Amino acid sequence: MAVRSTKSSDWSFERKGAEWVADAERRGKPRALFWPWAGTSCNVVLVSFGPYVTALGLDWHLAALAAAVGAVLSFLLLALVSLAGQQGGAATMVAGRAAFGFHGNKIPALLSYLALVGWETFSAVLATLAARTVAHRLDPEMDTGPLMVVTLLTVIVVTTVIGIYGCHVILRIQKWFALAFTALSVVYVVLTLPRISFAAHGQASLGAFVGGVMLVANMLGLSWVNCAADYTRYLPRDADKRALVGWITFGGTAPALVLMGLGTVLAVGDPEVAALAATDPISALSAHLPTWFLVPYLILALVGFVSGSIIGLYSSGLALQTVGVRIPRHYTVLIDAVLIAVAGGYVAFAAPGFFAPFQAFLTTTGVVMAAWTGIFVVDLWQRRSIGYDRTALYSPVGGYGKVNRAGVGCLIVATLVGLGLVTSPDPHIGPLLGYLFTPAARAGGLGSSNLGVFVALVVATVGYAALHRVRPLAPGRTTESMESRDSEPVRVPA
């Protein structure tokens with residue numbers, strides 16, 4: 001049966017959810033993937049990441065180097081995961097069924113969903129706090145409650161509408177968000193230059209350097225790695241893979257290097273800003289700004305937060321479908337919007353604190369995502385010559401089975417080991433972590449180095465590579481030979 005082309009405008013509504021993308025629906029060039037990942041790094045809060053790294057005790061140039069290494073490595077891992085979308089035509093979490101089994105994959109898919117909702121909430125809350133900060137600077141007597149409510153709802157509505165429209169609209173919108181952010185950032189950097197310093201402070205410490213690399217990797221590429229293939233599944237199968245990896249890595253890394261580099265020299269030139277950034281980065285990064293730039297600064301912050309939230313909102317809907325929620329993709333976006341409104345409203349208006357719980361969230365999800373990434377990349381490498389079996393990805397009785405014990409087992413073991421080698425300042429989560437450290441190591445630089453993220457990645461990678469081997473598809477069963485069925489709906493047995 002001939003496959004009817006379903007190509008549509010870049011501004012069209014995407015009706016496809018976690019279903020397979022047929023060759024007839026694929027278009028575009030690898031360079032288009034520069035913009036969505038540049039958008040995730042176009043966030044003024046990344047300036048505060050520089051002080052976070054220097055706070056580990058590093059000199060500014062070592063802190064900047066650690067931030068650069070963390071950014072490049074994390075987005076390189078994300079780019080490698082993105083190859084699964086181009087190779088298999090499936091969303092990230094759907095492709096994960098090959099490594100974890102149809103039902104076993106529900107564990108990482110659910111964790112991925114919760115992590116993405118957490119990031120979306122984080123973005124909405126910081127946007128709300130940015131509005132409060134600017135309002136207080138403009139009028140210290142202003143009742144900021146109504147403005148905060150309007151800001152929170154505006155961010156949620158804008159991200160929800162764009163998320164409902166889907167992948168093609170997101171790719172377009174992200175380009176304009178990134179360009180707008182760049183224009184405003186130039187002014188911000190110029191206004192910040194008088195406060196920076198290149199004086200030598202801190203020291204050279206391997207533990208602190210590794211901690212800086214892992215800290216930045218957690219906050220950048222590893223935070224989005226579970227979304228990677230969602231934006232490459234519409235690329236043609238024959239698109240240049242090296243170009244794809246290069247554009248994604250460059251897109252995510254380039255803005256981050258500039259912003260975090262500015263943050264490291266700002267931490268040296270203005271220690272008070274560096275100290276405040278640890279608890280309230282929005283206030284810290286605007287304290288030196290003249291009144292006339294406060295509203296543009298708010299726009300700068302909002303663009304960054306919305307840009308990052310859109311990526312997560314779209315992918316979290318696909319993850320929710322992969323878990324087994326059988327509703328159209330655009331309805332899953334609405335579920336996310338409700339959750340963000342409730343959680344974001346509580347954190348912004350009622351919670352006693354925000355940044356300690358967020359740091360705990362960042363650390364724990366970083367360990368899980370590192371372990372998942374190691375398994376996923378090894379599995380992708382093992383099937384580089386055979387691709388994915390479409391039927392098996394969408395059926396619990398297919399070739400990938402219900403549970404892949406190697407994948408699930410390695411994920412659990414690597415996560416448990418990794419959580420035992422990280423710490424957190426949060427009084428509720430902190431005592432549950434770092435159980436593999438001695439008391440001295442836990443209290444010292446090793447405890448704050450995020451060593452567990454790296455260990456989780458290595459344990460999961462080595463373990464899965466040793467325990468798992470792919471089985472070649474039956475004769476005649478290749479992804480290409482099944483393209484004639486790609487226009488048919490996928491029926492998933494219970």
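Which element gives the most to the lining of the second largest cavity? In this predicted model, 3 cavities of 30 Å³ or more are found, and the question is taken up here for the second largest of them before the largest is described.

The second largest cavity encloses about 60 Å³ of space, and its lining is formed by Ala115, Leu116, Trp119, Asn218, Leu222, Ser223, Asn226, Leu362, Thr365, Gly366 and Met369. Two or more of these residues are given by each of α6, α10 (221–224) and α16 (355–382), and the most comes from α16, which gives 4 residues. In terms of residue class, the lining of the second largest cavity comprises 6 nonpolar and 5 polar residues, with no charged residue.

The largest cavity has a volume of about 120 Å³, and the residues that line it are Thr40, Asn43, Val45, Leu46, Phe49, Trp119, Phe122, Ser123, Met219, Leu220, Trp224 and Gly308. The elements that give two or more residues to this lining are α2 (46–54) and α6 (106–138), and the largest share, 3 residues, is that of α6. By class, the lining of the largest cavity divides into 8 nonpolar and 4 polar residues, and charged residues are absent from it.

Some elements of the description recur between the two cavities. Trp119 appears in the lining of the largest cavity and also in that of the second largest, while α6 gives two or more residues to the largest cavity and likewise two or more to the second largest.

How values were computed:
Residues numbered from 1 in each chain as written. Predicted model: local features only at pLDDT ≥ 70, side-chain atom pairs only at ≥ 80, totals over all residues. Heavy atoms only, no water. 1 Å grid on protein atoms, 1.4 Å probe; cavity = no way out; pocket = protein on both sides within 12 Å on 5 of 7 lines; lining within 4 Å. Points joined across faces, edges and corners; volume = space filled by probe spheres on them. Nonpolar A, V, L, I, M, F, W, Y, C, P; charged D, E, K, R; others polar.
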